Amino acid sequence: MTEAQLKAAIPLLEARELTVRFGGLTAVDAVSARLYAGELVGIIGPNGAGKTTFFNAISGVVAPTSGKLLVQGAVDLTGRGPHRYAAHGIARTFQTPRVMAELTLADNVRFGMQFAGRHRTPVAGLRTEGDILAMLGLSGLADRLAADVTPSQQRLLEIGMALGTRPRVLLLDEVAAGLTESEVDAMARRIRALRDDHGLTVVWIEHAVTTLLRYVERVLVLHQGRKIADGTPAEVVRNAEVVEAYLGDEMEAAA
Ligand SMILES: Nc1ncnc2c1ncn2[C@@H]1O[C@H](COP(=O)(O)OP(=O)(O)OP(=O)(O)O)[C@@H](O)[C@H]1O
């Protein structure tokens, strides 16, 4: 096996039996998942299924109660803080954008660069804050304060801050929430471009399931903290447990 094939076979990020408990509640229940370089993977599931908590556990925001988190099969980041995750190229957004309202958009992206980015290889085609803002369609707003742009522009900016950390893996938590239908499609195309044009591995949680299923090639489905499916969109929509737990309602709502 060549080095390239070997590299391709080792997951960039692997959760092994990850469990997060809050008191008596098991928010994430022994979830295992492998994320390979260059994948665009969706995570879906009903409210309270554990999606955000899973993201929190694979980005160092919460320490798992048990289980392991490995980078490239070798580096064990279990229980380490967000800075260590960022240093290994794992970046994320939050459901409620965490932009710095009193800084310009350009300075927000520069902040991301200082958080973890300086010693990392830049993302292809996204070397400077100007490149990042342009990719997100925010060039014209570079000198505006984050407080003065729309909520959907703030969501894009938060992706920009994450890109500033020069990640390999980008974890997106409901970045399309609250957007209009056409904005959701534009967001989905941008997410796809982050993978297709800039080589990132992207994991995307979203409630806009019908859109998400059109853009990703693999989906993990969480329900009551457990992973109940992991497959292509076509496989997942035919999975009886998924339809029972979640998609039946979602598809009816989308119809
Ligand atoms: N810090 C916390 N302390 C206690 N319980 C929590 C905490 N964070 C999440 N939970 C609980 O864990 C469960 C999973 O929540 P989580 O936010 O991960 O679900 P989700 O799938 O992301 O939901 P949504 O789609 O509504 O965002 C829920 O029952 C939630 O109330």
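Helix 2 gives the most to the shell around the ligand, three residues in total; helices here are DSSP runs of H or I at least four residues long and strands are runs of E of at least two, both numbered from the N terminus. The structure is a predicted model, in which local features need pLDDT of at least 70 and side-chain atom pairs count only at pLDDT 80 or more, while totals for chains, interfaces and linings use all residues. Residues are numbered from 1 along each chain as its sequence is written. The full set around the ligand reads F22, L25, A27, G45, N47, G48, A49, G50, K51, T52 and T53, a residue being near a molecule if its C-beta atom, placed from the backbone, lies within 6 Å of it. Helix 2 (51-58) and strand 2 (25-35) each put at least two residues into this shell. Sorted by class, the shell comes out as four nonpolar, six polar and one charged residues; Ala, Val, Leu, Ile, Met, Phe, Trp, Tyr, Cys and Pro count as nonpolar, Asp, Glu, Lys and Arg as charged, and the others, Gly among them, as polar.

Helix 2 is also mostly covered, with seven of its eight residues buried. Buried means that 20 or more other C-beta atoms lie within 10 Å of the residue's own, exposed means 12 or fewer, and partly exposed is in between, with C-beta atoms placed from the backbone. The buried ones are K51, T53, F54, F55, N56, A57 and I58. Right after helix 2 comes G60, with a positive phi near 85 degrees.

Strand 2 belongs to an open sheet of four strands, ordered 2-1-4-5 with antiparallel pairing; two strands pair if DSSP finds at least two bridges between them. Strand 2 and strand 5 (75-76) sit at the edges with a single partner strand each, so one side of each has no neighbour in the sheet. Further in, strand 1 (residues 13-22) and strand 4 (residues 66-71) run antiparallel and are joined by five bridges. R16, for instance, has K68 of strand 4 as its bridge partner.

As for the chain overall, 10 helices and 10 strands make up its secondary structure. The radius of gyration is 18 Å, close to the 18 Å that the globule rule gives for 255 residues, so the chain is as compact as a globular protein of that length; the radius is taken over C-alpha atoms, and the rule is 2.2 Å times the number of residues to the power 0.38. Of the 255 residues, 44% count as buried.

Two loop glutamates make a handy contrast. E174, in the loop between strand 7 (169-173) and helix 7 (181-196), counts as buried with 20 C-beta neighbours inside 10 Å. Neighbours within four places in sequence aside, E174 is in contact with Q95, I205, E206 and H207, contact meaning C-beta atoms, placed from the backbone, within 7 Å. E217, in the loop between helix 8 (209-215) and strand 9 (218-223), is exposed, with 11 other C-beta atoms within 10 Å. Leaving out residues up to four places away, E217 touches E39, L40 and T232.

On confidence, the chain averages a pLDDT of 90, and 92% of residues score at least 70; pLDDT is the predictor's confidence in each residue, from 0 to 100. Among the elements, strand 2 has the highest mean (97) and helix 1 (residues 3-9) the lowest (63). Where pLDDT is low, the predicted coordinates should not be read in detail. For the complex, the predictor gives an ipTM of 0.97 and a pTM of 0.91.

Note on methods. Contact = placed C-beta atoms within 7 Å.
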